[in-house]
Each structure stands twice: as structure tokens, then as C-alpha cells.
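Colleague: I have a new model open and I don't know where to start. Can you walk me through it?

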Amino acid sequence: MKKNASKIPFNGTPEQEAKLMAVIEEKKHIEGSLMQVMQEAQEIYGYLPLEVQQMIAKGLGVSVEEVYGIATFYAQFALSPKGKYNISVCLGTACYVKGAQSLIDRLTEVLGIKAGECTADGKFSLEACRCIGACGLAPVLTVNEDVYGRLTDKDIDGIIAKYSD
């Protein structure tokens, strides 16, 4: 099993754990409840770190591998926390053809993280996504709700600077 991709240590609270244990207790006798428990766990923690996957597995009597397999198969689950500023680079066809990979490469260089990771200070997270429907602005990236289009790798430093308060 792959080690948790996050550079941020797991900091779950006793309150979060109590909520998760209540969800598990409520659903552990319901056949097929694993996905629902995982969804609720992600709502509680914001993502599914290995420690949470282990709690779910133990509580439901399934293997950690089964939980991890579901968490990595479905795009709705995140194994790393999201940063204060979540950067998402579109890799849909139009964006990819117009150089989106160079945006990811530059972001990786500037932030020191890969897609799917979060900076150690929790400020930035980076992800690659499929078409966001702004093909006329290709290549496109978003920072939370802000959309940036017609970019080159030379635009990245300026964009990051806007969020480096």
C-alpha cells in the first residue's frame, strides 16, 4: 500500500474521531455501507488519510486494502488534505494540446509538490482535473473559484504571488 501522499501530518481531533465512530457504529450492520461511511468520514476530516482508513476498516471489519482500493478508485475521495488555495489544472483535450502539462510542471517546481499533494504549510494543494468547460480559454487553471486562462508556464509565478500573503 502506498504511504499517505500528504506532507502534512495527520491532526485528527478527538471530536472528529467520536463523530466517525458514531457513523461506523450506526452503519456497521448495514450491508454495503462502506462507501457511505467513507463519504461521511471525508466530510468529517476533509480527506481520507491512512489513519482514518484504518479506523474505518477496523470498525467495519474489512481490510485496509479494501478501503484504500475504493478510496483510490473513485475520484470523489481525496487521500491528501486540500490547501487553503486549491490549484486545479485542466488536462482536458483543448488545455492539454495548448500546454497544460507545462503549467503542472512549473507549479510542481515552484510549490515543491506533485498533483494530489499539499504543501507542508497547508497553503497550496495541486490537482489535475478533466475538462472544466472553459475550452476557449485553454489552457486553464483555477485557484479555488478564481479562473485563469490562456496561460503559459511563465504566468505561474505571478499567479502564486497573488496568494502568497
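**Helices, strands and one sheet**

Modeller: The protein has seven helices and five strands. Keep in mind that this is a predicted model.

Colleague: In what order do the elements of the protein run from the N terminus on?

Modeller: The order is α-α-α-α-β-α-α-β-β-β-β-α.

Colleague: What does the C-alpha trace span along its principal axes?

Modeller: About 55 × 30 × 25 Å.

Colleague: And how much of the protein counts as buried?

Modeller: Of its 165 residues, 42% count as buried.

Colleague: Now the sheet. In what order do the five strands sit, and is the sheet open?

Modeller: The sheet is open, its strands lie in the order β2-β3-β1-β4-β5, and the pairing is mixed. β2 (117–118) and β5 (146–148) are the edge strands, each pairing on one side only.

Colleague: What packs on the sheet?

Modeller: Helix α6, residues 100–111, packs there and touches β1, β3 and β4 (141–143). The direction of α6 makes about 150° with that of β1.

Colleague: Let's take β1 then. Do β1 and β3 run parallel or antiparallel?

Modeller: Parallel: six bridges join β1 (residues 85–90) to β3 (residues 124–129).

Colleague: Which residues face each other there?

Modeller: I87 has L126 in β3 as its bridge partner. S88 stands opposite E127 in β3, and C90 has C129 in β3 as its bridge partner.

Colleague: What about β1 and β4, parallel or antiparallel?

Modeller: β1 and β4 pair in the antiparallel sense, over three bridges. The bridge partner of V89 in β4 is L141.

Colleague: How many residues of β1 are buried?

Modeller: Six of its six, so to count the strand as mostly covered is fair. Buried here means under 20% relative accessible area.

Colleague: Which residues lie on which side of β1?

Modeller: Y85, I87 and V89 are on one side, with N86, S88 and C90 on the other. Both faces are covered, and the residues named are all buried.

Colleague: Back to the edge. How do β2 and β3 run, parallel or antiparallel?

Modeller: Antiparallel, with two bridges joining β2 to β3. E117 stands opposite L126 in β3.

Colleague: How many residues lie between the strands in that hairpin?

Modeller: The hairpin of β2 and β3 has five residues between the strands, and G122 takes a positive phi near 75° in that hairpin.

Colleague: Change of topic: helices. At what angle do α3 and α4 pack?

Modeller: Helix α3 (residues 50–60) and helix α4 (residues 64–73) pack at an angle of about 125°, and their axes are 8 Å apart.

Colleague: Why are the two called oblique?

Modeller: Angles over 145 degrees count as roughly antiparallel and 65 to 115 as roughly perpendicular. An angle of about 125° fits neither range, so α3 and α4 are oblique to each other.

Colleague: Is the crossing of α3 and α4 left-handed or right-handed?

Modeller: α3 passes α4 in a right-handed crossing.

Colleague: Which residues make the contact?

Modeller: From α3, the contact uses L50, Q53, Q54, I56 and A57. From α4, V64, V67 and Y68 take part.

Colleague: How many of those are nonpolar, polar or charged?

Modeller: Six are nonpolar, two are polar and none is charged.

Colleague: Last one, on contacts between residues at least 6 apart in sequence. What share join residues at least 24 apart?

Modeller: In this protein, 65% of those contacts do.

Note on methods
Residues are numbered from 1 along each chain as its sequence is written. This is a predicted model: local features need pLDDT of at least 70, side-chain atom pairs count only at pLDDT 80 or more; totals for chains, interfaces and linings use all residues. Side-chain values use heavy atoms; hydrogens and water are left out. Axes are lines fitted to C-alpha atoms, for helices over the stretch in contact, and angles run from 0 to 180 degrees between N-to-C directions. Helices (H or I, at least four residues) and strands (E, at least two) are DSSP runs, numbered from the N terminus. Angles under 35 degrees count as roughly parallel, over 145 as roughly antiparallel, 65 to 115 as roughly perpendicular and the rest as oblique. A crossing is left-handed if the near helix is turned anticlockwise from the far one by less than a right angle, and right-handed if clockwise. Contact means heavy atoms within 4.5 Å. Ala, Val, Leu, Ile, Met, Phe, Trp, Tyr, Cys and Pro count as nonpolar, Asp, Glu, Lys and Arg as charged, and the others, Gly among them, as polar. Two strands pair if DSSP finds at least two bridges between them. Buried means under 20% relative accessible area, exposed over 50%, partly exposed in between (1.4 Å probe, protein chains only).
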